[in-house]
Each structure stands twice: as C-alpha cells, then as structure tokens.
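Here's a quick tour of a helix pair and an enclosed space. Have the structure open and follow along.

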Amino acid sequence: MAKKILIIPSIDIQDGKTVRVVQGIPELNCPSYGNDPVEMALIWRAENAKCLHVVDFNSAWYHSHVNHDVIRQICESVIIPVELGGGISNLEDAEKAFDLGAARIVIGTLAHENKNEYVRILEKFSPNKVVAAIDVIEGQVVTRGRRVFTGIDALEYAKTLKELGTERYIVTDVRRNGMLLGPNIELSKKIAEITEKKVTHSGGISGYRDLIQLQKEGGNHIDSVIIGRALYENRFSCQKIWRVAEAGLFN
C-alpha cells in the first residue's frame, strides 16, 4: 500500500491572534486567517485534521507567556493532539507547555544553544514527545525566531541532534515558508536519509500537486507535512486533501 502523508494544519499566534507567516515573519490581520486561533483549531478539526501545529511567536521572540490562555483553550477545544513550538528554552518551559495541554513540543534554539538542557527534556518526556526544529536558509541553520544565522550546515546539525537522542525533526526552508513556491523536498529528504529518523516537512506547499509530489518523492521517513497559507487561502479542496493524502498517524 502506498505511503500516505499526514497533513498538519499550522496555527501561528501573535498577541492572541492568528497570523500569516511569510519567510518566518508573522503578519497580523490577514482576512482569510481570521483573528481567533481557537476558532481556527475548531475549523481544522471539523475538516478532519488529525493533529495541529501551533507556534507561539510572542514566546519565540520575547519569551512572553501572553498567549498561554489561548493555547490552553485550543488544547481543550479539540480532541486531537496539538504540537506546540516557540520559545521553549528550558525544562520549566517544556513542563509548562505540557501543562497547557500540548501532546508534543517543538524545540529549536535551545537544542543548539544548550544541548544539556535539551537532553534533559528528552530524557524526562521521551523523544516521542519532543521534536527538533531545523530552520534553514541557504543550507545554514537559523535560530531565535529564524533571525540568527548560526553558520552551521543543516545536515551536520541534524547528525548532532541524532546523537543527542532526537527521533523526529521538523525541517523548514525558511525562504519558502509562506511563499507558495513549492516545497524543498530535497532538503527534508537529505535530513531524513542522513539521520534515518522521522521528518515532518514544512514550507512551500502551494497546492495539491506539491502534496502529491512530496508524498511520491519524500522517501520512507518523511511521513507528515505542516501546511499554513495554502490551507487558509483555500488553494485546494480541504476535504479532498484529507481523503486522499492523510493517514491517522502521530508518533
């Protein structure tokens, strides 16, 4: 039976509102996105989403907890797993994320800047509940809300994270994020192959054809994809996506 890729709608939050993210920069007041993240969570659940990807930009940029009530409401409003990323910078932040109701957390900058703390989180909550985010611009890892260039090659960094115990990666080509330019499948595939771990692709999906291409070319380890703008702007029939391209997997 052909491999099916899990579709994960993205809900990006700033100042308690849903935002559109283009190349890592959140934009407020985009009509097709609405302003209520909880309402969007319910919409995606009604469209038969099996998982949601939530990013807290206030936390990612300022380590602010202003969105915590909204995130808790999202987790309480849907019966599907919610993975949460943005500003998780220590074990206490990780504990708080799970207290809010997150089923899985996404860690980016911390894994680069404080490997010991990252390993502590992996050991406490298990690698099944902790995902490493690799944000990439022109082959180089970027951190701190995609604003700091580390000078580290993405493939080498992926191998380092594997050695620390990582079991899943979210790979984002930031230049394609929110641009509807098509996915950088090669980047995600290389990281999947070099680590032999599960990869969630992120960035560039512009419609149904991109989705099918990712499914065909992604290899055995790319099992899911995060989609934002293409879903919000109705670039394809949502119901058709869920029927054809999703499978009920989360781990």
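Which element supplies the largest share of the lining of the largest cavity? That's α4, with 4 residues. Keep in mind that this is a predicted model.

**The cavity**

There is 1 cavity of 30 Å³ or more in the structure, and the space in the largest cavity comes to about 120 Å³. A total of 15 residues line the largest cavity, and Ser59, His68, Gly86, Ile88 and Asp93 are the ones closest to its centre. Besides α4 (91-100), both α3 (68-77) and β6 (82-85) chip in, each of these three giving at least two residues to the lining. Sorted by class, that lining has 7 polar, 5 nonpolar and 3 charged residues.

**The helix pair**

Now hop over to α6 (residues 115-125) and α7 (residues 154-164), whose axes come within 10 Å and cross at roughly 50°. That angle is why α6 counts as oblique to α7. The crossing of α6 past α7 is right-handed. On the α6 side, the contact uses Lys115, Tyr118, Val119 and Leu122, while α7 brings Thr160, Leu161 and Leu164.

Here's the class make-up of the two sets of residues:

| Set | Nonpolar | Polar | Charged |
|---|---|---|---|
| Contact of α6 with α7 | 5 residues | 1 residue | 1 residue |
| Lining of the largest cavity | 5 residues | 7 residues | 3 residues |

So what does the helix contact hold by class? For α6 with α7, the split is 5 nonpolar, 1 polar and 1 charged.

Technical notes: Residues are numbered from 1 along each chain as its sequence is written. This is a predicted model: local features need pLDDT of at least 70, side-chain atom pairs count only at pLDDT 80 or more; totals for chains, interfaces and linings use all residues. Side-chain values use heavy atoms; hydrogens and water are left out. Axes are lines fitted to C-alpha atoms, for helices over the stretch in contact, and angles run from 0 to 180 degrees between N-to-C directions. Angles under 35 degrees count as roughly parallel, over 145 as roughly antiparallel, 65 to 115 as roughly perpendicular and the rest as oblique. A crossing is left-handed if the near helix is turned anticlockwise from the far one by less than a right angle, and right-handed if clockwise. Contact means heavy atoms within 4.5 Å. Ala, Val, Leu, Ile, Met, Phe, Trp, Tyr, Cys and Pro count as nonpolar, Asp, Glu, Lys and Arg as charged, and the others, Gly among them, as polar. On a 1 Å grid over the protein atoms alone, a cavity is a set of points where a 1.4 Å probe fits but cannot get out, and a pocket is an open set with protein on both sides within 12 Å along at least five of seven lines; lining residues have an atom within 4 Å of a point. Grid points are joined across faces, edges and corners, and a volume is the space filled by probe spheres set on the points.
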